[in-house]
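User: I am new to reading protein models and would like a close look at the empty spaces inside this one, together with the parts around them. Please take it slowly and connect the pieces as you go.

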Amino acid sequence: MDKLILLLLISTAFVVAQAKVVLPSYITDNMVVQRNSVMKITGHASSGSKVNVIAGWDSRSCEVKADSEGKFDISLDTPDAGGPYSIIIADKDSKVKVGNVLSGELWLCSGQSNMEFPVEGWTSVMDADHVVSTARNPDIRLLQVKKRVAFSPQDDIETNMGGWVEAAPNTMDFSAIAYLYAKELRDSLKVPVGVIDATWGGTPAEAWTSYGFLKGVPGFEGELSAMESCGFDASRLRENYEKEMRAWMKFAQKGGEEIRPGDKLTGNVLPADYFERIGFGNGFDGIVWVQKEIDVPAEDAGKPMTLKLGAIDDEDVTYLNGVEVARGSGYNTPRVYTVPGNIVKEGKNILTVRISDFGGEGGFAGPAEAMVAEVGSVIIPLGGDWTYKVGVDFSSLPKKPASIEGSSYPTVLYNAMIHPLRNLPIKGVLWYLGCANVGRAEQYETLFKSLINNWRDTWDSEFPFYFVQLAGWLAPQSVQPDSEWAALRNAQSKALQLPNTAMVSAIDLGNPGDIHPRDKQTVAHRLALTALGRDYGFDTNYKAPQCISMQKMGNKIVLKFDDDLTVTSVAILGFIIGNADGDFDQAVARMVDSRTLELYSPLVKKPVCVRYDWADFPNGNLYSRHGIPVAPFATDK
């Protein structure tokens, strides 16, 4: 009897708890609402009860009835810029007050790591100390969406920092571009500005696109079919993936070169680094065997050895003297392995690592200086040269099954991090993504346009969509017509065919040794100039000159631009010129007048096209009169 009473009490408490007014996680104290718009407030209340909503900017009370499950929604007209206000939502059992609400401008900022890059946190923006110390801006509000995946569209997000927060030194583990952009808008517009940080490093565009809008993009038929056949159920999708992956890996290993980990490798001797940085090519994915000899003093033979290999991208199997000692996975997970003493011998020991790179960068992710072997009292550096030998090049195989684990599977980030925000009106979107799609430029052209249309359809709005073209990265090459990074940048630019879009180039802000350049201030400034000029009526001179015509004149090509050009050095850099056979050479460029360039090369007798800043890390130096870089382009693309 006592147990029954206890169960009834628990059940009653549960019902009462469920009856309380519950709002989405993006409606909290300190929020910013988009001024002069309509915001839909959804939530849960007591089943069938009347729900009253009073917004501080309007003395009238709005009333709606919750349905049998307690769900309700009500639309509020938002005021002109101002505040702070309160919003009160109440039913017969409870009341929720959302305080310190401001009305102003609200922008959604999304993409991968260069948009995620915080003012301070996992890394630091340029001049981070100054940015942090001056970050006391109560009229700037920040909402950071928690990283989360889902195989079907969700109704709510999860947040970091407890929801909306005011910009302050202790809230700067937040997108630097988003915060710096908001600061510049706030300083110019003199109204409150809110920014939403919905980002995830290393993710591709397809993860941010819905199932319906991916159907028109070639290349995702297998994943979409799997989702549909598995009823969008995670456990069934996982079983299906594991089955397909076992079959694919069996096929991959059958087609590769058989290598015994105890044998000495013969191959290229290269530094411990990403494959892409040491000559494997940007699109390389596959299985690579790497090997290094370790000299162990006689007095330390037979003692356990600790291997510190840094992070390895993506997976590894590690052997010493032909004996497997450990396996690891995770592109940013440091590998620390203990080798039993009975495997460690006097003199030369053969350390072999089988690295599997399934996508994006691959190899030793470092840091190289932290890579060591410790045995007894001896510390042996491992960060120098290794012998490399390709076991399997995945480019020769059928497409690898897409992993459903993590954040790269189609639709999962749209479902969990974007779709739930649809009832919150926004002014526009800032987007910085593309690195994870390098090598798939043709697909990205269609995919990116689909993503933009998808998000606009979600909000039922043709809001501005402004995006950042990828910065330069990897080793500079003077002539690189096959650059996959250049091809992806070109694919990005095709989204300008959609209305109300604009592209900000970061081509001059890159670092050949760091895919995450720290100068986010300039990126944010160029985005702010774009928005202030296009949406807020300021004369910001945000545009760069564009090539509007090409004329072939014998062994020369003449380009005309739609605005005056400036050059940052005596020589004009960044152009290559090509013939009908696809042969390219550096172009000598001469300025005929402020809007006209003449180009030629003694090695290209019959040129038919030119390309500007067409390389992984180009060196072009053309700008507008106001310091905006001319974006990469190709007359044949």
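How many cavities of 30 Å³ or more does the count come to?

Analyst: The model is a predicted one, and the count comes to two cavities of 30 Å³ or more.

The largest cavity holds about 40 Å³ of space. Its lining is made of N114, Y432, C435, L470, A471, G472, W473, W485, I515 and P517. Sorted by class, that lining has eight nonpolar residues and two polar ones, while no charged residue takes part.

The second largest cavity has a volume of about 30 Å³, and the residues that line it are Q469, A486, R489, N490, W614, P632 and F633. Helix α10, which covers residues 484–493, gives the largest share of this lining, with three residues. Here the classes divide into four nonpolar, two polar and one charged.

Besides the cavities there are open pockets to consider. The second largest pocket has a volume of about 1,000 Å³. It is lined by 38 residues, of which L496, M503, A544, Q546 and A631 are the closest to its centre. The elements that contribute two or more residues to the lining are α10, β24, α11, β25 (547–553) and β34 (633–634). Among these, β24 supplies the largest share, five residues. By class, the pocket lining has 18 nonpolar, twelve polar and eight charged residues.

Helix α11, one of the elements that line this pocket, deserves a closer look. It runs over residues 520–535, so by the expected span of 1.5 Å times one less than its number of residues, 22 Å would be expected for its 16 residues, and the helix does reach 22 Å from its first C-alpha to its last. At its N-terminal end α11 is capped by D519, where a side-chain oxygen lies 3.3 Å from the backbone nitrogen of Q521. Just after the helix, G537 takes a positive phi of about 80°.

Which residues of α11 are buried? They are K520, V523, A524, R526, L527, A528, L529, T530, A531 and L532. To read such a list, it helps to recall that an α-helix has 3.6 residues a turn, so residues three or four places apart point the same way. The buried residues of α11 pack against several elements, namely the strands β7 (95–111), β22 (428–432), β23 (465–469) and β24 (501–505), and the helices α2 (113–116) and α4 (176–189). Strand β24 therefore appears twice in this account, as a packing partner of α11 and as the element with the largest share of the pocket lining.

Helix α4, another of those packing partners, has 14 residues and reaches 20 Å from its first C-alpha to its last, close to the 20 Å expected at 1.5 Å a residue. Its buried residues are A176, I177, A178, Y179, L180, Y181, A182, L185 and L189. Just after α4, K190 takes a positive phi of about 60°.

A last example turns to one residue and what surrounds its side chain. T458 sits in helix α9, residues 441–459. It counts as buried because its relative accessibility is 16%, and buried means under 20%. The side chain of T458 is joined to that of Y414 by a polar contact of 2.7 Å. Leaving aside residues up to four places away in sequence, T458 touches Y414 and R422.

Definitions and conventions:
Residues are numbered from 1 along each chain as its sequence is written. This is a predicted model: local features need pLDDT of at least 70, side-chain atom pairs count only at pLDDT 80 or more; totals for chains, interfaces and linings use all residues. Side-chain values use heavy atoms; hydrogens and water are left out. Helices (H or I, at least four residues) and strands (E, at least two) are DSSP runs, numbered from the N terminus. Buried means under 20% relative accessible area, exposed over 50%, partly exposed in between (1.4 Å probe, protein chains only). Contact means heavy atoms within 4.5 Å. A polar contact is a pair of N or O atoms within 3.5 Å; within protein, one must be able to donate a hydrogen and the other to accept it, and residues adjacent in sequence count only if both atoms are side-chain atoms. On a 1 Å grid over the protein atoms alone, a cavity is a set of points where a 1.4 Å probe fits but cannot get out, and a pocket is an open set with protein on both sides within 12 Å along at least five of seven lines; lining residues have an atom within 4 Å of a point. Grid points are joined across faces, edges and corners, and a volume is the space filled by probe spheres set on the points. Ala, Val, Leu, Ile, Met, Phe, Trp, Tyr, Cys and Pro count as nonpolar, Asp, Glu, Lys and Arg as charged, and the others, Gly among them, as polar.
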